[in-house]
Amino acid sequence: MLKKIVPMWQRLNKKTEIFFALSVLSALAFYPAEVPMLIAAFLLPAIFIGKRTGIAIGLFTAALAYILSGHLLITEIKKPEGDKWLYKTTWGSLLAPADFQPGDILSGKFSKKTYSFLKEGRFSAGYYIADRIDKKTSVPFIQSILLKREDLSDSLYFASGGKAVLTQALTLGDRRYISPSMNDLFIVTGLGHLLSVSGMHVAVLAGMLYFVFGFLPRKLRLIPMIMSMLLLMPFTGFTVTVCRAALFGLAIMGAKLLDYRTDTGKLLLFTAGMFVLITPSMLGDISFIFSFSAVLGLVYLPQIKSSFWGGIAVGLAASAFIMPAAAAVFGMFNPSSVISTVLLTPVVALQMACFGLFCIFPQQSVAPILFLDEVHMAVVKFFSDYSGFFYQVYKPDKYIIAAMIVFLLYTLYRRQVLAACVLLMLPYLPADKAAKPIETTVSKTQPSPSQPQNSLRGAYFMGYQRSKAFLILDGKVRVFFKGTYGDFKYKFVPFLTEKGISKADTGTVIIYNGENHLLKIAEENEDYGGVCVNETREDCKAVYHTRSNTYTCDDDKRVHILYNNDRNCRDMILLKHTGDIVLDESTYKQQ
């Protein structure tokens with residue numbers, strides 16, 4: 001069988017780009033239709049690899065795609081949700097009855113529910129609901145590893161007095177102890193990728209093992225590295241990012257073990273194409289797009305001998321290649337992460353090494369783990385405090401994103417990957433970032449179409465059920481938010497991002513279950529440019545009510561906006577009925 005693998009790669013090398021492109025196109029064309037995708041999963045490997053090996057791999061790919069489409073593995077119990085529980089699985093989050101444990105494999109019917117803050121779509125991110133559970137099975141070996149993973153994470157947390165929280169995320173992929181506030185610090189600094197075990201962590205682990213077993217011949221050193229890749233997948237809860245990186249690493253190490261010189265770039269494309277055929281929904285997984293884009297830039301990176309400048313170049317290339325996806329999805333960008341990632345990589349390596357010692361010498365390892373956690377967070381807070389001016393919001397339209405992708409492909413073709421770093425400057429170029437007003441059913445409040453967008457003025461009121469929020473643009477950016485962390489992070493901040501807003505001049509943000517690290521406010525006060533909250537002063541042009549039934553139709557001098565009210569007043573707008581609205585400044589009621 002091994003003799004057939006080498007010529008298989010040799011034949012495929014000439015066709016890999018077409019294979020990858022057809023894999024992506026088949027997913028775009030057929031997903032979520034199961035039968036066409038299964039046919040594509042069989043035919044593409046069978047045709048492009050050819051002969052009996054291609055047919056065998058095609059059958060295996062189709063069978064694996066079929067099994068995964070109706071089965072999922074529970075990796076973690078998250079929290080109760082009413083009469084059900086929320087589980088973490090190999091597909092994502094699952095809402096199901098409280099009868100299961102990590103390591104259980106469920107088969108049945110599962111429907112996908114798109115997250116409320118995202119638009120509906122075939123590839124939109126969401127969670128799954130168990131409509132029907134036909135069978136539950138368990139693999140004792142996998143179950144014991146997953147339970148051991150949870151036990152190690154809890155043991156470190158309690159042994160440290162509840163202070164060690166980062167190391168578990170970096171080594172086991174367990175982010176249960178990461179607070180929303182801490183998570184936001186990583187997002188603002190552009191270091192969020194450190195909290196998700198991915199290709200970087202896999203590479204660090206492989207490098208450490210290669211150094212530790214340096215006394216062995218080169219090929220023998222590959223054996224513990226291969227074993228670590230296999231064990232890393234269950235010990236990180238079969239995280240998709242780890243599975244991709246580990247399998248890609250296994251393919252490279254397998255080629256080295258066979259003394260076969262393979263093209264890493266083509267191997268990456270082939271592996272990515274196989275993943276898409278097996279799980280087509282991966283095209284909507286932002287972590288897949290990020291990791292694939294970053295590694296694609298890295299494998300084509302020219303060789304740089306200097307370890308320091310080589311590390312900087314790696315960060316630049318990875319950041320440049322994820323720029324289109326990051327701008328399209330998040331609209332947030334901080335290039336200082338290129339430097340901070342290089343600085344924190346040795347700290348991450350030491351944290352991973354100390355956690356390995358914790359598994360053997362738990363009592364002696366807690367102190368150094370706590371110290372490294374503190375160092376790690378100190379660096380993150382430093383960059384959060386002093387790299388704020390780098391933090392930018394950049395939400396380009398689809399044509400600019402398409403141009404960015406074409407430019408990246410051109411740099412790959414010309415083997416000039418570092419030239420793609422020019423994309424990192426796009427968020428800082430002068431541009432008209434003011435977006436069009438949000439849609440509203442209150443037609444009289446629409447701004448004039450002739451008004452220049454770069455001088456857009458008006459008051460935007462969000463129709464959130466639990467939280468209260470609005471944005472005022474009147475030459476200054478004024479914000480008001482009072483509500484839950486989820487609404488702030490997944491609704492209000494993305495709305496501001498659409499407007500190209502990352503900083504406010506004045507305003508207040510009150511989050512019930514978290515802190516505000518995502519929106520900088522120059523001066524926190526209640527000056528909302530003529531919009532008053534829960535009061536009717538003489539200078540109020542409009543009144544925003546945070547509580548229902550607080551307005552009794554006793555003021556007809558101005559507009560009153562609130563979520564709900566059982567009265568029917570002429571000058572009252574109910575957000576429950578209208579949804580999000582925008583009032584042009586010229587339509588405010590005047591005295």
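**Exercise 1. A salt bridge across the sequence**

Task: Find which side chains meet in the salt bridge between lysine 489 and its acidic partner, and work out what the pair ties together.

Solution. Step one: in this predicted model, the side chain of lysine 489 meets that of aspartate 184 in a salt bridge, at 3.8 Å from N to O. That pair satisfies the cut-off, which asks for a Lys or Arg side-chain nitrogen within 4 Å of a carboxyl oxygen of Asp or Glu.

Step two: place the partners. Lysine 489 belongs to helix α17 (residues 485-498) and aspartate 184 to helix α7, so the salt bridge ties together parts that are 305 residues apart in sequence.

Step three: check burial, for which the limit is under 20% relative accessible area. Lysine 489 has 13% relative accessibility and therefore counts as buried. Aspartate 184, at 0%, counts as buried too.

**Exercise 2. Two partners of helix α5**

Task: Helix α5 (residues 140-159) holds arginine 149 and aspartate 154; determine which residue each one bridges to, and where that partner lies.

Solution. Begin with arginine 149. Its salt bridge is with glutamate 76, and the closest N and O atoms are 3.8 Å apart. Since glutamate 76 sits in strand β1 (residues 71-81), the pair ties together parts that are 73 residues apart in sequence. Both glutamate 76 and arginine 149 are buried.

Now take aspartate 154. Its side chain meets that of arginine 176 in a salt bridge of 2.8 Å, N to O. Arginine 176 is in the loop between α6 (166-172) and α7 (180-188), so here the parts tied together are 22 residues apart in sequence. Aspartate 154 counts as buried because its relative accessibility is 19%, whereas arginine 176, at 34%, counts as partly exposed.

Finally, widen the view. Asp154 and Arg176 are linked with Asp174 in a network of salt bridges. Over the whole structure, a search finds 15 salt bridges.

**Exercise 3. Strand β9 and its neighbours**

Task: Describe how strand β9 (residues 468-473) is paired on either side, and decide whether its residues are buried or exposed.

Solution. Start with strand β8 (residues 458-461): β8 and β9 pair in the antiparallel sense over four bridges. Glycine 458 stands opposite leucine 473 of β9, and a hairpin of six residues joins β8 to β9.

Next comes strand β10 (residues 477-483), which also pairs with β9 in the antiparallel sense, over six bridges. Here phenylalanine 470 faces phenylalanine 480 of β10. Three residues lie between β9 and β10 in their hairpin, and glycine 475 in the turn has a positive phi of about 100°.

Then look at the two faces. In a regular strand, side chains alternate between the faces of the sheet. In β9, Lys468, Phe470 and Ile472 point one way while Ala469, Leu471 and Leu473 point the other, and all are buried. Six of the six residues of β9 are buried, so the strand is largely enclosed by the rest of the structure.

**Exercise 4. The span and cover of helix α15**

Task: Compare the reach of helix α15 (residues 362-386) with its expected span, then find what covers its buried residues.

Solution. First, the span: α15 has 25 residues and reaches 36 Å from its first C-alpha to its last, close to the 36 Å expected at 1.5 Å a residue.

Second, the burial: the buried residues of α15 include Val366, Ile369, Leu370, Asp373, His376, Met377, Val380 and Phe383. An α-helix has 3.6 residues a turn, so residues three or four places apart point the same way.

Third, the cover: it includes α5, α6, α7, α14 (337-358) and β12 (520-524).

Technical notes. Residues numbered from 1 in each chain as written. Predicted model: local features only at pLDDT ≥ 70, side-chain atom pairs only at ≥ 80, totals over all residues. Heavy atoms only, no water. Buried < 20%, exposed > 50% of the residue type's maximum accessible area, 1.4 Å probe, protein only. Helix = DSSP H or I, 4+ residues; strand = E, 2+ residues; numbered from the N terminus. Pairing = 2+ DSSP bridges. Expected span 1.5 Å × (residues − 1). Contact = heavy atoms within 4.5 Å.
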